[in-house]
Amino acid sequence: MNISILGTGSFGTSLSMVLDDNGHSVMMYGRSNETVDEINTNHTNSRYLENIKINPSVKASTDFEEVVRHADIIVIAVPVKAVRAVSRELEKILLLQNRKVLIVHVAKGLELGTHLRVSEIINEEMSDQTASDICVLSGPSHAEEVALKSPTTVSTASIKNEGVKTIQDVFMNENFRVYVNEDLVGVEIGGALKNIIALAIGTLHGLGFGDNAKAATITRGLHEIARLGVKMGANPLTFLGLTGMGDLIVTATSEHSRNFRCGIMLAEGLTLPEAEEKMGMVVEGVNTTKAAYELSDQYGVEMPITKVLYQYLFHDISEQEAFSKLMQREKKSETDGLKDLLENQLKDWTRE
Ligand SMILES: NC(=O)C1=CN([C@@H]2O[C@H](COP(=O)(O)OP(=O)(O)OC[C@H]3O[C@@H](n4cnc5c(N)ncnc54)[C@H](O)[C@@H]3O)[C@@H](O)[C@H]2O)C=CC1
Ligand SMILES: O=C(CO)COP(=O)(O)O
């Protein structure tokens, strides 16, 4: 198949190799002449994937129209904040070309202001005339390891449940396993909100907290992700899967993670803009913390870890002070806020 990838960052580049390995014809769209030239000439993308040789047959271009014309499937691999503009441009070009494609996105976050999930943003900008289905591909998948063909498992879900089988077929190989999941909301919410917890755990790590604190934050973090996700209509079981627990573990325990590393830099005293600048790649957890904090208010869901992160990212409160507030909350039962929600929602998802 002809597959185009929008975005020449770390994940788009590593996925280009998976798809090329699977025999597809891959073209990438990038904004930077330098990166595009480097991919076409040296078969490297040194800013985003150090010491990796990209398959020579992967081509890149700065010509959006040319890249779109090449595609049966389009992979959107840009940060969440760029998804709306990219989808709008894509719609315009596909209408002019009078063509329809299958869309799959890999972005993990929520849109600032609207609080929308990424498939919802794309769906607002694209029509049935241009997109046959809008899918997500998500799970524990650091770009650095995907590029090295280290075994990786992810899930795909979609709006119409029609394109997922194709996405599974085109991406899957002996090192890259793709499951289908019917729960688009759960898959996207798990992928987006784990970044918040990874930022928090990076901060704890940087402050010198121990493994107990990190395990607690992973566990209670998954609780609050599930509480919000279930209220939004997700299947509770999705949060125990690859895009929930799986992605939370990989992001919150790995120095590959930009969110985790950004947390460490904040603990070391860098301001948020300084940490983001130093990272040079997108730290999705920052905007998603703000969006999720506002959503928790809207849905009346308690999200204490998200709240402390929101306080030290966007307000003048120190990381230490924020975490100590977390420990001093009122006494609770471990299943508070979860039991009824899970029972009711599970019934809906298990009904034939
Ligand atoms: N890096 C990873 O290991 C993984 C990343 N993701 C997700 O994939 C998304 C992209 O992440 P990365 O590739 O890591 O980001 P990155 O920061 O490495 O690269 C982002 C790329 O998007 C490009 N871009 C930004 N705005 C654009 C626009 N308007 N038009 C065209 N290109 C634009 C940038 O120039 C850059 O090439 C994020 O939402 C991230 O959470 C998902 C799974 C793994
Ligand atoms: O989503 C990821 C791995 O699954 C990558 O996480 P970071 O964006 O924190 O690097």
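Q: Which residues of helix α7 (residues 164-171) are buried, and what makes them count as such?
A: In this predicted model, the buried residues of α7 are Val164, Ile167, Val170 and Phe171. A residue is buried if 20 or more other C-beta atoms, placed from the backbone, lie within 10 Å of its own, exposed if 12 or fewer, and partly exposed in between. Helices (H or I, at least four residues) and strands (E, at least two) are DSSP runs, numbered from the N terminus.

Q: Why are the buried residues placed on the same side of α7?
A: They cover an arc of only 130 degrees around the axis, so they sit on the same side of α7. The arc is that of the directions from the helix axis to the C-beta atoms. An α-helix has 3.6 residues a turn, so residues three or four places apart point the same way.

Q: Which residues on the other side of α7 are exposed?
A: Lys165 and Asp169 are exposed there.

Q: Why is ligand 2 said to lie between domain 1 (2-182) and domain 2 (189-350)?
A: Both domains give residues to the shell around ligand 2, so it lies between them. The domain bounds come from an automatic or database domain assignment.

Q: What makes a residue part of the surroundings of ligand 2, and which come nearest?
A: A residue is near a molecule or strand if its C-beta atom, placed from the backbone, lies within 6 Å of it. Of the 13 residues around ligand 2, Ser141, Thr251, Ser257, Arg258 and Asn259 come nearest. α8 (184-207), α10 (242-252) and α11 (258-267) each supply at least two residues of the shell, and α10 has the largest share with three.

Q: How many residues of this shell are nonpolar, polar and charged?
A: Three are nonpolar, six polar and four charged. Ala, Val, Leu, Ile, Met, Phe, Trp, Tyr, Cys and Pro count as nonpolar, Asp, Glu, Lys and Arg as charged, and the others, Gly among them, as polar.

Q: Why does the radius of gyration of the chain agree with a compact globule?
A: With 352 residues, such a globule would have a value near 20 Å, and the chain has 20 Å, so the two agree. The radius is taken over C-alpha atoms, and the globule rule is 2.2 Å times the number of residues to the power 0.38.

Q: How are residues, chains and ligands labelled, and which pLDDT limits apply?
A: Residues are numbered from 1 along each chain as its sequence is written, with chains lettered from A and ligands numbered from 1 in the order in which they are written. Local features need pLDDT of at least 70 and side-chain atom pairs count only at pLDDT 80 or more, while totals for chains, interfaces and linings use all residues.
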